[in-house]
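This report describes one protein chain for a reader who has not seen it before. Please look over the sequence and the structure before reading on.

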Amino acid sequence: MALPTHAPVRFTSRPVPESLKKRLSKQVCSFVLSVLFVGAFILFLLWLALRPHRPRFHISSFSASPFPPPESSSPSFSVQIAIRNPNRKIGFFFGPISGTVYFRSNQIASNTDMGGPFFQPPKNTKTVGAQLEGGSIEPLDAAGMQNDLSENGYVNLRLVLKTTLRFRLSAWETHGARVMHVSCDVAVGSDGQIMAESKSKRCSMYFF
């Protein structure tokens, strides 16, 4: 007598339903990514519309007396700086401006009050200036300037400005002022006047 045959047992797997917590996490991530994308796109459009630029600094006049300063003398520097705001819609709030004159790495004159605080509107050029008074010139600095003048016909000096800067766009303005340093290289001739190649040359700048 033949034994009855049984059909093989088949096992089927069913997907386990995704937990509510996992689905919620995916939805939150998707929402956050969408917000970030939209925000980045809006910022890009604002940048295209505003094209923000930093202020531009140029030396418009610079003179020294006596020059080259003899050893132990106290030189005086008359300086005027043109500050240009090239933006169409962004204004600048400048804090007090201080200035220092260097020969090589040595300070030879300074002034802590060269203008400011003031607001500079868009598409505007403002000139600030002052006298920078020096202390007693060290022998090495006096000899170095005399040597440069004899060899090159001019002396390279550096004017460094320090101030703070805030931005204003329509009714909105930044509250945290950034510290800004401006460095201007200037060549001075034997008459104590700025050389033509240094006049209206753009100064470099950096923030802290």
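The text below goes from the chain as a whole to its core, its disulfide and a few single residues.

**The chain as a whole**

The model is predicted. Its chain has 208 residues, and 35% of them are buried. Two helices and 11 strands are present. Read from the N terminus, the order of elements is α-β-β-β-β-β-β-β-α-β-β-β-β. When contacts between residues at least 6 apart in sequence are considered, 69% of them join residues at least 24 apart. The chain has an accessible surface of about 13400 Å², and carbon and sulfur atoms account for 58% of that area.

**The nonpolar core**

In soluble globular proteins, nonpolar side chains tend to be buried together. Here the largest nonpolar core contains 39 residues. Which of its members touch the most others? They are Phe-62, Phe-77 and Leu-157.

Leu-157 lies in strand E8, which covers residues 154–169. Its relative accessibility is 3%, so Leu-157 counts as buried, the limit being under 20%. Beyond its neighbours within four places in sequence, Leu-157 is in contact with residues including Phe-62, Phe-77, Val-101, Met-145 and Cys-184. Arg-104 is 53 residues away from Leu-157 along the chain, but their C-alpha atoms are separated by 7.0 Å.

Phe-62 has contacts of its own with Phe-77 and Leu-157. Among the other residues that Phe-62 touches, leaving out those up to four places away in sequence, are Val-186, Val-188 and Ile-194.

**The disulfide**

A disulfide is a covalent bond between the sulfur atoms of two cysteines. How many does the structure hold? There is one, and it joins Cys-184 to Cys-203 with an S to S distance of 2.1 Å. The pair links distant parts of the chain, 19 residues apart: Cys-184 sits in strand E10 (residues 178–189), while Cys-203 is in the loop between E10 and strand E11 (204–207). Why is this disulfide described as right-handed? The torsion about the S-S bond of Cys-184 and Cys-203 is about 110 degrees, so the disulfide has that hand. Both Cys-184 and Cys-203 are buried.

**Other residues**

Strand E10 also holds His-181. This histidine has a relative accessible area of 15%, so His-181 is buried, the limit being under 20%. Ser-200 belongs to the loop between E10 and E11. In space, Ser-200 and Ala-82 are 8.3 Å apart, C-alpha to C-alpha, although 118 residues separate them in sequence.

Asp-141 is part of helix H2, residues 139–152. Is this charged residue buried or exposed, and which side chain of opposite charge is nearest? Asp-141 is buried and has no salt bridge; the nearest such side chain is that of Arg-104, 6.2 Å away.

The table lists what these three residues touch, not counting residues up to four places away in sequence.

| Residue | Residues touched (contact within 4.5 Å) |
|---|---|
| Asp-141 | Phe-103, Asn-106, Ile-108 |
| Ser-200 | His-58, Ile-59 |
| His-181 | Val-160, Leu-161, Lys-162, Ser-204, Met-205, Tyr-206, Phe-208 |

Two of these residues can be tied back to the earlier sections. Asp-141 touches Phe-103 and Ile-108, and Leu-157 is in contact with Phe-103 and Ile-108 as well. His-181 is in strand E10, where Cys-184 of the disulfide is also found.

Conventions:
Residues are numbered from 1 along each chain as its sequence is written. This is a predicted model: local features need pLDDT of at least 70, side-chain atom pairs count only at pLDDT 80 or more; totals for chains, interfaces and linings use all residues. Side-chain values use heavy atoms; hydrogens and water are left out. A nonpolar core is a set of buried Ala, Val, Leu, Ile, Met, Phe, Trp, Tyr and Cys residues joined through side-chain atoms within 4.5 Å. Buried means under 20% relative accessible area, exposed over 50%, partly exposed in between (1.4 Å probe, protein chains only). A disulfide is a pair of cysteine sulfur atoms within 2.5 Å. Helices (H or I, at least four residues) and strands (E, at least two) are DSSP runs, numbered from the N terminus. Lys and Arg count as positive and Asp and Glu as negative; His and the chain ends are not counted. A salt bridge is a side-chain nitrogen of Lys or Arg within 4 Å of a carboxyl oxygen of Asp or Glu. Accessible areas come from the Shrake-Rupley method with a 1.4 Å probe; for residues, only the protein chains shown count as cover.
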